[in-house]
Amino acid sequence: AWFGHSLAFPVSWGFLADLQPWWMEWNPTWDGAFSLYLRFILGLGLIFQMPVIVFVLAGFGLVTPRFLLKNFKYAVLIIFIVAALA
């Protein structure tokens, strides 16, 4: 969440502001800005927790290094699909 708040959101907000053509005025609303901010914070917070989740699952014996290596290609496919949908 800290990464999203301090780095990702300001950089993305500046990029979106600069993306507009010179003849179009950019007027973001509070609702839209907060919605984007909340999505950044929650999304990056969840993504950065994935290693902790895998560590806990491995501690309980639900996943093994062999299982993770065997299913790596499926994980990459799922990551690309989720990223495309997001």
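This report covers the helices, the aromatic pairs and a nonpolar surface patch of one predicted model.

Residue numbers start at 1 along each chain as its sequence is written. Because the model is predicted, local features need pLDDT of at least 70 and side-chain atom pairs pLDDT 80 or more, while totals for chains, interfaces and linings use all residues, and side-chain values use heavy atoms, without hydrogens and water.

**Helices**

Helices here are DSSP runs (H or I, at least four residues), numbered from the N terminus. The expected span is 1.5 Å times one less than the number of residues.

| Helix | Residues in helix | End-to-end C-alpha distance | Expected span |
|---|---|---|---|
| α1 | 18 residues | 25 Å | 26 Å |
| α2 | 30 residues | 43 Å | 44 Å |
| α4 | 14 residues | 20 Å | 20 Å |

Helix α1 bends by about 40° at A8, and the proline P10 follows within four residues. Helix α2 also has a bend, about 40° at M50, with the proline P51 within four residues after it. The bend at a residue is the angle between axes fitted to the seven residues ending there and the seven starting there.

Burial is judged by relative accessible area: buried is under 20%, exposed is over 50%, and partly exposed lies in between (1.4 Å probe, protein chains only). In α1, G4, A8 and F9 are buried. In α2, the buried residues include A33, I41, L44 and G45. Helix α4 covers residues 72-85. It is hardly covered, with zero buried residues among its 14.

**Aromatic pairs**

Rings of Phe, Tyr and Trp (its six-membered ring) pair if their centres lie within 6.5 Å; planes under 30 degrees apart are stacked, over 60 edge-to-face, and the rest tilted. The count by this rule is four aromatic pairs. One of them joins F3 and F48: the centres are 5.4 Å apart, the planes meet at 50°, and the pair is tilted. F3 sits in helix α1 (residues 2-19) and F48 in helix α2 (residues 30-59), so this pair ties together parts 45 residues apart in sequence. F3 is partly exposed at 33% relative accessible area. F48 is partly exposed too, at 48%.

F9 and F40 make an edge-to-face pair, because their planes stand at 75°, with the ring centres 5.9 Å apart. F9 belongs to α1 and F40 to α2, so the pair ties together parts 31 residues apart in sequence. F9 is buried at 14% relative accessibility, whereas F40 is partly exposed at 21%. F9 and F40 also join W13 and Y37 in one aromatic cluster.

**Nonpolar patch**

F3 and F48 appear again on the surface. They form a nonpolar patch with W2, L7, V11, I47, M50 and I53, about 850 Å² of accessible area together. Helices α1 and α2 are the elements that give two or more residues to this patch. I47 lies in helix α2 and is exposed, at 56% relative accessibility.

Patch members have over 30% relative accessible area and no salt bridge; like charges are joined within 9 Å, and nonpolar side chains (Val, Leu, Ile, Met, Phe, Trp, Tyr) within 5 Å. A salt bridge is a side-chain nitrogen of Lys or Arg within 4 Å of a carboxyl oxygen of Asp or Glu. Areas come from the Shrake-Rupley method with a 1.4 Å probe; for residues, only the protein chains shown count as cover.
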